Amino acid sequence: MTLLRHLIAAVVVAAIVAALSYRVGAYRDYQIAEVSAYVTAVAGLTVLIGLSGQISIGNGAFMAIGGYATALLLLHQHWPLAAVIAASTAAAAAAGGLVGVAAARLRGPYLAGATLLLAVAIPVSIADHWAGLFGGDQGLTVSVSTPAALAAEPTRYYAWLTTGVALISLVLLANLGRSRVGRSWRALRDDEVAAALSGLNVARLQVLAFVVSAASGGAGGALLAVVTGIASPGAYTLTLSVGLLVAAVVGGLGSLAGAVWGSLLYVFVPTYLSNVAASHGLNSGASSNIPIAVYGLVLVVVMLAFPSGIQGALRRLFGSVAPSAAVPLSSLRSLRRRRPASPHQPASPHQEESTL
Amino acid sequence: MQEFVEFTLLGVSSGLVYAAIALSLVLIWRGTRVLNFAQGAMAMLTTYVALEVINGTGSYWLGFVVALAAGLVLGAVLERGVVRPVMAKPPMNAVIVTIGLLILIEGIAGIIFGAQYRSFPAAYSVSGIKVGSFSLGISPDDVFVAAAVLAAAAVLWLIFQYTALGLRMRATAFNPGVARLLGVRVGRVLTVGWALAGLFGALAGVLVSPTTFVYPNSMDAIFVLGFTAAVIGGLDSPLGAVIGGLILGIALSYVGGYLSSDLVNLFGLAVLVLVLMLRPSGLLSRAAARRV
Amino acid sequence: MNRPRKAAWATLAGVTAAALAVAGCSSSSSPSSTSTSTSTSTSSALTASAPGITPTTITIGSHQPLTGVAAPGYDEIAPASNAYFQYVNAHGGVYGRKIVYKYLNDQYDPTLTSTVVRQLVLQDSVYAIFDGLGTPTHLAVAPFLNQNKVPDVFVASGCECWNSPSTWPDTFGWQIDYVREGKILGQFIEQHFKGMKVGFFYQDDEFGKDGVKGLSYEIPKSQIVAQESYSTSNTNVGPQVAALKAAGAQVVAAFSVPAFTALLRLEELGLNYNPTMVISSVGTDPTTLGGLMQAFAKQAHAKIPAANTLIQGIYTDGYLPSLGETSNSWIALFKMIHDTYIPKLPFDGNVLYGEAVAYTFVQAMLKAGRNPTRQDLVTAINGGLPQGPAVAPYIYSATNHNGMQGAYMAQIKNGLVTPIGPVEVTDTSATGPVTTFTGSQPAAPASGIPSP
């Protein structure tokens, strides 16, 4: 039943996006394609942080692996695009497994630090080593031929392609979230010791969460490489990993719809601010920083005003939660509000410290 | 032999700069359990302030002191204004708020000061010190950098150990609920914590800026390394921050010197992973993970 | 996800609302179709002959690093080009049309470059992309531009890759490429420092690697004792300089950006090491270098000589007239424009670059005709351009999309780049000779605007 409901929702959204892609211009199609690529990556990250309680500031590295794998396969092999994307996803998933195993004992800020450094080290290493294979600083060009039917509108093709892959991954992640694995992740997130006592294999679940988030990061990276036409170190800097994190949290942590809001914010808001500044003649020198500063301010204000992210705010807007439904995240937290801070154990992102 | 001495001493000096950033992060983490991503940007802003004072008055030391004071003020203001409201919320929110602050501060710096590289004076000569004909590879300024960070860390230790404020800070870090019950004004202590963190960040900024030049993104790389040092040493331990910084600085100096400069980031990751494999909460953390 | 029904509808409503908002935000104009060529009416009528061209305006776009780590220095180039365009607009424009220069910030991130260039081409329908800055960034968009037959003129990068007329017929370089520059510097070293030990200090990307390639074509292998690269992400270059010193390099040939040239110099001071320096023009703008070192010079405690002394004697090259040659008509022209339109920016190498490349664009547009199509601009450049402010003639042709072919050797004296030799021209091959150019540079037009 769950699967059917998710599939129906996916088909409906696909239809909406397809219809939209005919109405809007080529540039908006391109932006839709970008959004879908990021949704794929952010969805996995929001599952990792929101469901399994592990923080990662390094998912840009998985996008890099997906992007480069796609570029290399398209350059050296003649596989169909679907196979290329699948293989890139698998490559990133494998890397995610490695990272998950290495990071299995890390919690909270220590995991954050390790993944942060991963995000910094991977693109730089790609740039500097094996330049013959990876193209060094210049990266590798990715060219995907548009099917004949859409040859005149390549960006519409990208929009369809990326939205299709994004919806597939959203359906898979949604099902995963409602399955036993998803429930086990939530148990793990809320109280690791209790979960272990209940017989859950903590390490395996954590590694699985990393694999899943890395896989979706890899798929997102593959899509982004196809859409932008390049895989180069400059595209996968720490800024990207931080951007994914921002999108996941501001959109609404743990929520797949939140991944969509966050990606929309990430793609549209900075360029919108930039264009507003340019139209007022403020786009040279110092004033080109104005959109940057405003974006930072927007993040601060949104987080202060909407602590549960955009999805949380929307939920509140459309009425309170029916009591018979499964308990959502926010009310769970309120039950734990009075728990004192554990003095030495580094807190996992979802353990609430006592309010001060 | 000369190379070894040069690399070691250079590593100590740069490592202590990472330690200063690490100390700020530790101070904030201990008190408020927040990862302050904006720490580097705050340091950059106070360095710009110092630069304006130095260029306006011609006095380096006045600029130095103003930078530290600005760091205190900036830390306190941010804690009370922006961080306090978000601390009652899920922890990830605070992370995003500090990231937003990072972007905002870098944007503001770009608006006010522009993107050009600005030159920042060193406190002392940057010509190398020679013992006879043996070049030590460091300069009087490098010695000052190391001494300044060590002195500041020592003063911090003295505050922690021997003053009432330090006792209150330690109590709040240990157990805020009980501390409050015992009459500690926890809110105020947290503000002081952030102010001190701002001071250490400002210190790192003015010490390192002669060689990084001042521009809106100048502290980004140093922040990453400072964060790494803090994690290596254990986020709950100020001493760990200093030791983590030294280990990282020296290790990366050897890598850059004997191997190649483009391996530095990779080796930083390797050092971090190595330490965390052995001690998942950093070198000097007192936490024993509760294994089941 | 566990989701009560209400929230599910909320989400769906949100999705639809967002979709409608996106549709509403999109510009109502689709990219304007290329109209057929001019009507048979009088030849002086101006028409909308191509996307981005109206009877009164020419709109061009660019991607530039206005913020971020690549911004220092480079963020002056687009405003400087815009200053020259404003001057032209104020004096009759190009066949009466005003140039509208829309440059967007890509923060030196190739993903953003892809986005802003698509906005410029697909939404804003610019006529051409002008002076796109950066090699990794521009590589992200060169295929797209060529697929869509958008003129991609005068890329701000010295990569050899822009010279690919068969695969990228619409892309043109402008500045002298790094291999040529390396050969010219290398020949200078080979001639004037015979037998001395040479070390390389270079940025670990194609800028540095291409430069080293050129240097190695000219300097005998036996002379090269060390090759040290640096990464822009790591400002500690102490180990590299120590290695150069340990190898005994008496001459250091560097392909480094100004920040790292300054760091190199400071590190040498720290190690009491004083080799002869031969550095690419990219890294030796004295205004920038002086600014970077100024704090060390003013510093009371430091026993360091003034900034000018710190950079005195550095050998470099130049492919535009030197800023110090105030009697040069081009420098006078560009300084006048700078003082009028962008007085707050320093008059340094970046501003000179921006104005000079803008002048070249106007030359090309004038050659393209009164009502040019996009192909007209490409054809115009393929037919060659007059020399303009470059020190040697451009070598644009249907088979060569590199612009400049030569540079002169110079030395920094008293804070100014002072030419010390004739203009040398060469090619990018390993064996092509470096020969002296015997012609002279034409003077700048009195009006400051190229003649059609």
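Hi everyone. Let me start with a term: pLDDT is the predictor's confidence in each residue, from 0 to 100. We need it right away, since this is a predicted model, and in chain C the pLDDT stays under 50 over residues 22-42. For that stretch the model has 19 contacts beyond four places in sequence.

Let me stay with confidence for a moment. The predictor gives the complex an ipTM of 0.89 and a pTM of 0.88. Chain C averages a pLDDT of 87, with 88% of the residues scoring at least 70. Among the elements of chain C, the lowest mean, 52, belongs to helix 1 (residues 5-25) of chain C, and the highest, 97, to strand 3 (residues 128-130) of chain C. There is also a short run in chain C, residues 300-304, where pLDDT stays under 50; the model has 11 contacts for it beyond four places in sequence.

Chain B has a mean pLDDT of 89, and 98% of its residues reach 70 or more. Confidence in chain B is lowest in strand 2 (residues 134-135) of chain B, at a mean of 74, and highest in helix 2 (residues 39-57) of chain B, at 94.

Chain A averages 85, and 87% of the residues score at least 70. Over residues 321-328 of chain A the pLDDT is below 50, and this stretch has 6 contacts beyond near neighbours in sequence. Residues 330-356 of chain A are below 50 too, with 66 such contacts in the model. A word of caution here: where pLDDT is low, the predicted coordinates should not be read in detail.

Now to the packing. Which residues touch the most other members of the largest nonpolar core? They are A:Y236, A:L245, B:I99 and B:L207, in a core of 206 residues. Helix 2 (residues 26-51) of chain A supplies the largest share of this core, 15 residues. If you click on B:I99, you will find it in contact with A:V242, A:L245, A:V246 and B:F37, leaving aside its neighbours within four places in sequence. Apart from that core lies another, of 120 residues, among them C:I60, C:F85, C:Y315 and C:V423.

Next, please look at chain B. How far apart should the ends of helix 1 (residues 2-32) of chain B be? At 1.5 Å a residue, its 31 residues should span 45 Å, and the end C-alpha atoms are 45 Å apart, so the two agree. This helix is mostly covered, with 25 of its 31 residues buried. Just after helix 1 of chain B comes B:R33, with a positive phi near 55°.

Further along chain B, B:D141 sits in helix 5 (residues 140-162) of chain B. Is B:D141 buried or exposed? It is buried, because its relative accessible area is 7% and the cut-off for buried is under 20%. Not counting residues up to four places away in sequence, B:D141 touches B:A122, B:A123, B:Y124, B:S125 and B:V126.

Let's move to the sheet in chain C. It is an open sheet of 8 strands in the order 7-6-8-9-10-11-12-13, with mixed pairing. Strand 7 and strand 13 (435-436) of chain C are the edge strands, each pairing on one side only.

Strand 6 (residues 198-203) of chain C has 6 of its 6 residues buried, so it is largely enclosed by the rest of the structure. C:V198, C:F200 and C:Y202 are buried on one side, and C:G199, C:F201 and C:Q203 on the other. Strand 6 of chain C pairs in the parallel sense with strand 7 (residues 224-230) of chain C over 6 bridges, and C:Q203 has C:Y230 as its bridge partner. Between these two strands the chain passes through helix 8 (residues 206-218) of chain C, in a right-handed β-α-β crossover. Strand 6 of chain C also runs parallel to strand 8 (residues 251-255) of chain C, joined by 5 bridges, with C:F201 opposite C:A254.

For an antiparallel pair, take strand 10 (residues 315-318) and strand 11 (residues 406-413) of chain C, joined by 4 bridges. There C:Y315 stands opposite C:Q411.

Last stop: helix 9 (residues 238-246) of chain C, whose buried residues include C:P239, C:V241 and C:L244. The buried residues of this helix pack against helix 1 and helix 10 (238-259) of chain B, together with strand 6, strand 7, strand 8 and helix 10 (258-270) of chain C. After helix 9 of chain C comes C:G248, with a positive phi near 80°. Thanks, everyone!

Note on methods. Residues numbered from 1 in each chain as written. Chains lettered and ligands numbered in written order. Predicted model: local features only at pLDDT ≥ 70, side-chain atom pairs only at ≥ 80, totals over all residues. Heavy atoms only, no water. Expected span 1.5 Å × (residues − 1). Buried < 20%, exposed > 50% of the residue type's maximum accessible area, 1.4 Å probe, protein only. Core = buried A, V, L, I, M, F, W, Y, C linked by side-chain atoms within 4.5 Å. Contact = heavy atoms within 4.5 Å. Pairing = 2+ DSSP bridges. Right-handed = clockwise from strand over helix to strand, strands pointing away.
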